[in-house]
Amino acid sequence: MGKKKRDAAGARGAVAATGATAAVQMLNAAHIAYELIEYQHSDVMTHGFALDTVAVLGLDPNTVFKTLMVEADGTPAVGIVPASHHLNLKSLAKALGAKHATMMEPTKAERLTGYIRGGISPIGQRKLYPTVIDAAAQLLPTMVISGGKRSLSVALAPADLAALIHAHFAPIATLERRH
C-alpha cells in the first residue's frame with residue numbers, strides 16, 4: 001500500500017508521468033486537491049471490490065465509496081454509496097426524478113464508462129451521466145472513490161467531487177441488500 005498526497009498544483013506532472021487514468025487527469029485539469037492512494041489489489045474477492053479495498057487499506061468502510069452504474073427509466077445514471085452500504089434503487093430513482101431504477105449490466109457499465117468493473121470511477125467517464133452521491137458523504141471532510149482502476153483510489157472533499165461531476169446529494173444508501 002502506498003499513499004501519495006497530491007495537491008492541485010503538484011499532481012499534474014508527477015501523475016501524468018506514471019500513466020494517469022482519465023479520473024486523475026480530470027482532477028488535475030480541474031486543479032482539485034486530492035490524495036492518490038495506490039495499493040496492491042487483493043486477488044481474492046471476499047466481500048466485493050469496495051469492501052476488499054477497505055480491508056487492504058485499513059480504512060473506515062463509511063469513508064470509502066463505490067460507484068454503481070444504473071439505468072433510471074432506461075437512461076444511464078450513477079449512484080455513489082459507502083462501501084459498507086447497498087444502493088437503494090427506489091431512493092435513487094426518486095433523487096433522479098425517475099419512476100424506477102435498475103442495476104446496469106457490468107459489461108454495459110464498462111462499455112459506457114471506459115472503466116473495468118471494480119475500477120469504475122465517477123470521474124472521467126466517457127460521458128457525464130446524472131449522478132447522486134449518498135448524503136452521508138456531506139458529513140465527511142474527505143471521501144475515497146475509485147481512481148479509475150482496481151489498484152488506485154483517490155481521497156477528496158465530497159463537495160469538490162459533486163462540483164466536478166455535477167452531482168447532487170441525497171439519501172440513497174441502505175444497509176439492506178435489495179430495494
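How many bridges join β3 to β6, and do they run parallel or antiparallel? Three bridges join these two strands, and the sense is antiparallel. I start there as strand β3 comes up again and again in this talk. One caution before going on: this is a predicted model.

Let me set the sheet out. Five strands make an open sheet in the order β6-β3-β4-β7-β10, and the pairing is mixed. At the edges stand β6, residues 101–103, and β10; each has a single partner strand, so one side of each has no neighbour in the sheet. On average, neighbouring strands here are turned by 35° against each other, with direction ignored. Packed on this sheet is helix α4, residues 89–96, which touches β3, β4, β6, β7 and β10. The direction of α4 makes about 130° with that of β6.

Now β3 itself. On its other flank, β3 pairs with β4 over eight bridges, again in the antiparallel sense. For the register on that flank, Met69 has Val78 in β4 as its bridge partner. On the β6 flank, Glu71 has Thr102 as its bridge partner, and Ala72 stands opposite Ala101.

How many of the residues of β3 are buried? Eight of the eight are, so the strand is largely enclosed by the rest of the structure. Its side chains split into two sets: Phe65, Thr67, Met69 and Glu71 point one way, while Lys66, Leu68, Val70 and Ala72 point the other way. Both sets are buried, and that includes the charged residues Lys66 and Glu71.

That brings me to Glu71. The structure holds one salt bridge, and Glu71 is in it: its side chain meets that of Lys108, at 3.0 Å from N to O. The two residues come from distant parts of the chain, with Glu71 in strand β3 and Lys108 in helix α5, 37 residues apart. Why does Glu71 count as buried? Its relative accessibility is 18%, and the cut-off for buried is under 20%. Lys108, at 24%, counts as partly exposed.

Next, the turn after β3. Asp73 lies in the loop between β3, residues 65–72, and β4, residues 75–82. The hairpin of these strands has two residues between them, and Asp73 takes a positive phi near 50° there. Asp73 is partly exposed, at 37% relative accessibility. A positive phi also turns up at His166, about 60°, although His166 is not a glycine. His166 lies in the loop between α6, residues 158–165, and β10, residues 168–170. With a relative accessible area of 60%, His166 is exposed.

On to the nonpolar cores. Which members of the largest core touch the most other members? Of its 30 residues, they are Ile123, Leu156 and Leu161. Two or more residues each come from α2, β2, β3, β4, α5, β8, β9 and α6. The largest share, four residues, comes from α6. As for Leu161, leaving aside residues up to four places away in sequence, it touches Ile80, Pro122, Ile123, Ile133, Met143, Ile145 and Leu156. There is also a second, separate core of 14 residues, which includes Leu68, Leu89, Ala98 and Ala101.

One last pair, away from the sheet I described. Glu38 is placed in strand β2 and is partly exposed, with a relative accessible area of 28%. How far apart are Glu38 and Gly147 in sequence and in space? They are separated by 109 residues in sequence, and by 9.0 Å in space, C-alpha to C-alpha.

To go back over β3: it pairs antiparallel with β6 over three bridges and with β4 over eight, and its eight residues are buried. It also holds Glu71, which meets Lys108 in the salt bridge. That is what I have for today.

Conventions. Residues numbered from 1 in each chain as written. Predicted model: local features only at pLDDT ≥ 70, side-chain atom pairs only at ≥ 80, totals over all residues. Heavy atoms only, no water. Buried < 20%, exposed > 50% of the residue type's maximum accessible area, 1.4 Å probe, protein only. Pairing = 2+ DSSP bridges. Axes fitted to C-alpha atoms, helices over the stretch in contact; angles between N-to-C directions. Contact = heavy atoms within 4.5 Å. Core = buried A, V, L, I, M, F, W, Y, C linked by side-chain atoms within 4.5 Å. Salt bridge = Lys/Arg side-chain N within 4 Å of Asp/Glu carboxyl O.
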